[in-house]
Amino acid sequence: MALSILHRASGIALATGLIVLLAFVMSLAAGPESYLRFSYAIASPLGQFALFGWSAAFFYHLSNGIRHLFWDAGYGFHKAQANRSSYIVLASTVTLTSLLWLVLL
């Protein structure tokens, strides 16, 4: 149940992150000065935290979406399988997010 709620929350986080992506594109279109202001904001600790959260939401939503594809195909409905797949989703989220940020830093 908790992963289902997190799936919805990560979808909301991804949609909210699209607003930041739109702000990035608009800053590019507005010129170098606007882009520089955006770059400073996104490079701040709060901006980096938001980007980290957005990437974690992306990888969680992706991993849990793959889990749902297996469920749609009729696999993984037994309680033990569902519990195991929930841990796999969480582990893949942590692993993929960590790998991305290790590469970026």
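## Starting from Phe59

Let's begin with Phe59, which is buried at a relative accessible area of 13% (buried is under 20%, exposed over 50% and partly exposed in between, with a 1.4 Å probe and protein chains only). This is a predicted model, in which local features need pLDDT of at least 70 and side-chain atom pairs pLDDT 80 or more, while totals for chains, interfaces and linings use all residues. Residues are numbered from 1 along each chain as its sequence is written, and side-chain values use heavy atoms, with hydrogens and water left out.

Next door, Phe58 is partly exposed, with a relative accessible area of 41%. As for aromatic pairs, the structure has five of them (ring centres of Phe, Tyr or the six-membered ring of Trp within 6.5 Å; planes under 30 degrees apart are stacked, over 60 edge-to-face, the rest tilted). Phe58 and Phe59 make an edge-to-face one, with 5.2 Å from centre to centre and 70° between the planes. Elsewhere, Phe24, Tyr35 and Phe38 come together as one aromatic cluster.

Now hop over to Ser10, which sits in helix α1, residues 2-30 (helices are DSSP runs of H or I, at least four residues, numbered from the N terminus). Ser10 is buried, at just 5% relative accessible area. Its side chain makes a polar contact of 2.8 Å with the side chain of His61 (N or O atoms within 3.5 Å, one able to donate a hydrogen and the other to accept it; residues adjacent in sequence count only if both atoms are side-chain atoms). Setting aside neighbours within four places in sequence, Ser10 is in contact with Ala57, Tyr60 and His61 (heavy atoms within 4.5 Å).

On to the pockets (on a 1 Å grid over the protein atoms alone, open sets of points with protein on both sides within 12 Å along at least five of seven lines; a 1.4 Å probe defines cavities, and lining residues have an atom within 4 Å of a point). The largest holds about 190 Å³ of space, the volume being that filled by probe spheres set on the points. Helices α3 (45-72) and α4 (79-104) each give two or more residues to its lining. That lining includes Phe70, Trp71, Arg84 and Ile88. By class, it has six nonpolar, four polar and two charged residues (Asp, Glu, Lys and Arg are charged; Ala, Val, Leu, Ile, Met, Phe, Trp, Tyr, Cys and Pro nonpolar; the others, Gly among them, polar).

The second largest pocket has a volume of about 150 Å³. Here α1 and α3 each supply at least two lining residues, and α1 has the largest share, with four. Among the lining residues are Ala13, Val20, Ile42 and Trp54. This lining has six nonpolar residues, two polar and no charged.
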